[in-house]
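Trainee: I'd like a close look at one part of this structure, please. Start with what is hidden and what isn't, and then show me what else is worth seeing along the chain.

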Amino acid sequence: WSYALEKPNTGSIFAISWSIDGTQLAGACGNGQVIFAHVVEQHWEWKNFEITLIKRRTMKVHNVINDAVDLLEFRDRVIKASLSYGYLVVSTSLQCYVFSTRNWNTPLIFDLKEGTVSLILQAERHFLLVDGGGLYLYSYEGRLISSPKYPGMRTDILNAQTVSLSNDTLAVKDKADEKVIYIFEALSGKPLGDGKPLTHKTEIVEIALDQKGLTSERKIAFIDKNRDLFITSVKRFGKEQKIVKIGTMVQSLAWNDTSNILCGIQDSRFTVWYYPNTVYVDKDLLPKTLFEKDASEFSKNPQIVSFVGNQVTIRRADGSLVHLHVSPYPAILHDYVSTSRWHDGVRLCRFVKDQTLWACLAAMAVANKDMTTAEIAYAAIGEIDKVQYINSIKDLPSKESRLAHMLLFSGNTQEAETLLLQSGLVYQAIQVNINLYNWERALDLAVKHRTHVDTVLAYRQKFLEDFGKKETNQRFLQYAEGVSV
């Protein structure tokens with residue numbers, strides 16, 4: 001799209017070139033002169049603040065609530081700026097300025113090694129500067145926290161789609177191997193966990209970390225080359241965490257800044273995943289926790305610019321910005337759950353009377369092992385079979401077996417079995433495998449612990465009789481000879 005038209009009286013312009021930071025333009029003119037131009041009138045918006053670069057060294061801050069206007073003057077020309085989380089970070093060719101939105105008069109200023117900052121990313125507690133030399137993480141007090149490095153690092157090609165920052169984690173997509181995402185601890189700059197990067201089976205296009213919640217539950221969402229949207233945990237304790245697909249034909253995505261709600265543009269629909277973690281808790285519930293809206297008004301290839309509060313800003317292909325509002329209730333529910341106010345969560349759902357919200361509450365309650373709330377929420381969305389299962393869990397005698405059955409509820413059979421065996425509940429572990437028709441595993445456990453072999457054989461015999469089949473499994477035949485059932 002066209003921003004501006006200038007007709008300088010210098011004859012024809014034969015060649016033009018951008019400066020490396022993309023803020024200045026030089027042109028060679030027909031009359032032998034060189035023309036210099038600067039990009040101005042850039043806009044940044046956040047909540048009630050609107051900031052405009054009116055000259056190359058001056059910004060105008062407009063607070064739309066009380067109509068107050070402040071002018072910010074800089075010593076050198078402004079190269080990059082970012083406004084979010086109550087701070088404005090501006091980099092000029094020599095220095096970096098950090099303004100708090102509560103006080104525009106006294107910025108914090110520190111010098112930059114290289115003046116070519118190509119990207120500024122903000123999180124709630126700190127911000128990231130990317131320049132020709134590396135990645136630098138600063139606190140809002142201007143202190144250098146860390147400078148993560150990875151093999152074959154090229155900073156000149158990093159952009160907001162391939163780098164993502166949250167309060168405790170930094171993720172960077174590799175350029176040499178596009179299937180790989182490097183994940184760092186923000187405070188130390190060291191690779192997270194066992195140091196192995198996250199690897200996907202196809203090339204990755206865009207990545208985004210969620211912003212809220214505990215470090216141990218930090219999630220990363222990414223879109224691959226086939227435009228499929230995946231989500232996975234950042235922390236990997238030895239065991240391979242599942243990478244789960246939650247959307248197809250996704251063009252653009254963004255996490256909310258105050259709660260873990262994800263929005264994206266899918267094909268011709270604008271979709272909001274109110275609680276993406278549902279895929280790890282109860283997969284069948286995921287479609288019920290979505291909000292979808294027709295996205296044809298955004299024309300072709302729209303990009304999500306930001307998702308702040310309950311407002312989503314989308315840039316259309318012609319450069320215009322469109323603002324969308326999503327329901328404020330899921331964010332309130334996230335807030336209640338993060339402080340374990342389950343009673344308030346239930347009251348909110350009863351007040352709003354929305355199936356989507358009940359489904360989110362059900363998934364959150366199961367994730368936090370709160371059975372009473374889960375039972376109420378599942379009943380509200382008519383999932384009677386799950387209500388009955390939850391009731392049967394509540395009647396179990398020991399805490400371990402209740403926990404194990406909660407894991408089974410979320411489909412984590414392996415972990416449930418391990419938990420039961422560690423607690424010495426061998427028979428329950430065998431029974432779980434029988435119920436799931438994992439006959440081989442049930443027999444293995446019985447033989448290994450030298451107990452209940454006859455029980456497994458009896459269940460197997462009954463199962464075969466019910467279906468009118470004959471035993472063909474060699475191991476079962478072998479044990480059936482030595483054991484009387």
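Mentor: Let's begin with helix α9, where V426, A429, I430, Q431, V432, N433 and I434 are buried. Keep in mind that you're looking at a predicted model. Helix α9 runs through residues 426-435, and seven of its 10 residues are buried, so we can call it mostly covered. What does the covering? The cover over those buried residues includes α7 (399-409), α8 (413-422), α10 (439-448) and α11 (453-466). In a helix of this kind there are 3.6 residues a turn, so residues three or four places apart point the same way. Try reading the list of buried residues again with that in mind: it includes V426, A429 and I430. Just after the helix you'll meet Y437, which has a positive phi, near 60°.

Now for a strand that is hidden too. In β21, residues 219-224, six of the six residues are buried, so the rest of the structure largely encloses this strand. Its side chains go two ways: K219, A221 and I223 point one way, while I220, F222 and D224 point the other, and all of them are buried. So look at both faces of β21 when you turn the model, because the whole strand is largely enclosed.

Who are its partners? Strand β20 (residues 204-209) is joined to β21 by five bridges, and the two run antiparallel. As a landmark for that pairing, find A208, which stands opposite A221 in β21. Strand β22 (residues 229-233) also pairs with β21 in the antiparallel sense, again over five bridges. Here the landmark is K219, which stands opposite S233 in β22. If you wonder what holds such pairs together, strands of a sheet pair through backbone hydrogen bonds, either parallel or antiparallel.

β21 and β22 form a hairpin with four residues between them. In that loop sits R227. Its phi is near 65°, a positive value in a residue other than glycine. Unlike the buried residues of β21, R227 is partly exposed, with a relative accessible area of 27%.

K219 leads us on to another loop. N277 lies between β26 (269-273) and α1 (278-281). Once you set aside its neighbours within four places in sequence, N277 is in contact with K219 and A367. Is N277 buried or exposed? Its relative accessibility is 19%, and buried means under 20%, so N277 counts as buried.

A367 is a handy signpost as well, since N277 touches it, and α4 covers residues 355-367. Between α4 and α5 (371-380) there is a loop that holds K369. The phi of K369 is near 60°, a positive value in a residue other than glycine. K369 is partly exposed, at 40% relative accessible area.

Next, two open sheets to trace with your finger. One has four strands in the order β12-β13-β14-β15, with antiparallel pairing. Its edges are β12 (119-122) and β15 (144-146); each has a single partner strand, so one side of each is left without a neighbour in the sheet. From one strand to the next, the twist averages 30°. Inside this sheet, β13 (residues 126-131) and β14 (residues 134-139) pair in the antiparallel sense over six bridges, and H126 has S139 in β14 as its bridge partner.

The other open sheet has three strands in the order β28-β29-β30, also with antiparallel pairing. β28 (303-308) and β30 (321-325) are the edge strands, each pairing on one side only. Here the twist averages 20° from one strand to the next. β29 (residues 311-315) pairs with β30 in the antiparallel sense over five bridges, and I314 stands opposite V322 in β30.

Finally, zoom out. The chain comes to 12 helices and 30 strands, and its C-alpha trace spans about 105 × 50 × 40 Å along the principal axes. Of its 485 residues, 48% are buried. The chain exposes about 24800 Å², and carbon and sulfur atoms supply 51% of that. It carries 55 positive and 54 negative side chains, with the centres of the two sets 2 Å apart.

Conventions: Residues numbered from 1 in each chain as written. Predicted model: local features only at pLDDT ≥ 70, side-chain atom pairs only at ≥ 80, totals over all residues. Heavy atoms only, no water. Pairing = 2+ DSSP bridges. Axes fitted to C-alpha atoms, helices over the stretch in contact; angles between N-to-C directions. Buried < 20%, exposed > 50% of the residue type's maximum accessible area, 1.4 Å probe, protein only. Areas by Shrake-Rupley, 256 points an atom, 1.4 Å probe, with all protein chains shown as cover. Lys, Arg positive; Asp, Glu negative; His and termini not counted. Charge placed at Lys NZ, Arg CZ, Asp CG, Glu CD. Contact = heavy atoms within 4.5 Å.
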